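Colleague: I should like to understand the terms applied to this structure. Please set each value against its definition.

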Amino acid sequence: MAPEVDSLFNFVNAVSAILLVGVVAAMLWFVYRYRRQDPAERPAPVKESKLLEISWIVIPTILVLLVFNWGFKSFIKQKTVPPDAYDIRVQARQWSWVFEYPNGVTSDTMYVPEGEPVKTTMSSSNVIHSFFVPAFRVKQDVLPNRYTSVWFEATKKGTYDLFCTEYCGRDHSEMDAAVKVVSRERFDRWLKESATPKDIPLPELGEKLYGQQGCQGCHSLDGSDMVGPTWKNLYGKTGHEMSDGSTVTADENYLRTSILNAGDKVVQGYQNVMPSYANLSEKEVAGLVAFIKQQSDNELPQE
Ligand code: CUA
């Protein structure tokens, strides 16, 4: 899409530049040529010129129609998804992106095969975000409760920036991701390797999900404060203060509830912004809980 968008953009720019120079030059010339030299002098009435009037109606009309036709053709092309496009699910949330592939693999980096049309099916778990990859010249709002999509065909291998370009709250400016364009072979290999094997130890599964599900966007492992509480020494914490004034002990059940239904218990000093992860399987939740436990030196007090 990029060459098409750019050529139209450059055309509009060039025409504007030519007109600007023409108008300013004519203006300066008239200022000089028709300056009043003799205070008693009165300029003769200006006579109408049919040729001039017709040309300043016809020429701009042609230019505008040309730009419209050109832009409309590109627009139709951008909106018509090729039937064989590869479909990637895009989930936006405050404040991260998750990409899901047909075989169930999820990732916080968007991998796409080079030279093949890719279609995104996008939705948001909370507010309006916007999917923007400047290098591909695609931009589309991502809405809650509705799918939107874009398609593109990446023609050059490399890593490109993906931004959220709709103000969506505190960490909007940090809501970015990478788009990695790789060869078909590498793409297939990556897809296969990323598929979660069934019998991986729980903490390892949790660690994988920590990256894939975008947890790391809000929860640190080193104790630093981000959008959400750190996971360091979270497990086993007693007298953990909630925003409603209650305190809890951070045991397994607390962690489980917080993953599935974060809004139930919001930690004092934090915003209720975490989406529900009820789409995770029991095993995946168990994996995350096990991983969070691993980040803690606390022993749960015996009752
Ligand atoms: Cu999401 Cu801005």
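Modeller: Glu4 has a relative accessibility of 24% and therefore counts as partly exposed, since buried means under 20% relative accessible area, exposed means over 50%, and partly exposed lies in between (1.4 Å probe, protein chains only). This is a predicted model, in which local features need pLDDT of at least 70, side-chain atom pairs count only at pLDDT 80 or more, and totals for chains, interfaces and linings use all residues. Residues are numbered from 1 along each chain as its sequence is written, and side-chain values use heavy atoms, with hydrogens and water left out.

Colleague: What makes the contact between Lys77 and Glu4 a salt bridge?

Modeller: A salt bridge is a side-chain nitrogen of Lys or Arg within 4 Å of a carboxyl oxygen of Asp or Glu. The side chains of Lys77 and Glu4 meet at 2.9 Å, N to O, so the pair fits that definition. Lys77 belongs to helix H2 and Glu4 to helix H1 (residues 2–33), 73 residues apart; helices (H or I, at least four residues) and strands (E, at least two) are DSSP runs, numbered from the N terminus.

Colleague: Why is Lys77 called partly exposed?

Modeller: Its relative accessibility is 40%, so Lys77 falls in the partly exposed class.

Colleague: How do you know that Arg184 and Glu116 tie together separate parts of the chain?

Modeller: Their closest N and O atoms are 2.7 Å apart in a salt bridge. Arg184 lies in helix H3 (residues 184–194) and Glu116 in the loop between strand S4 (110–113) and strand S5 (117–124), so the pair joins parts 68 residues apart in sequence.
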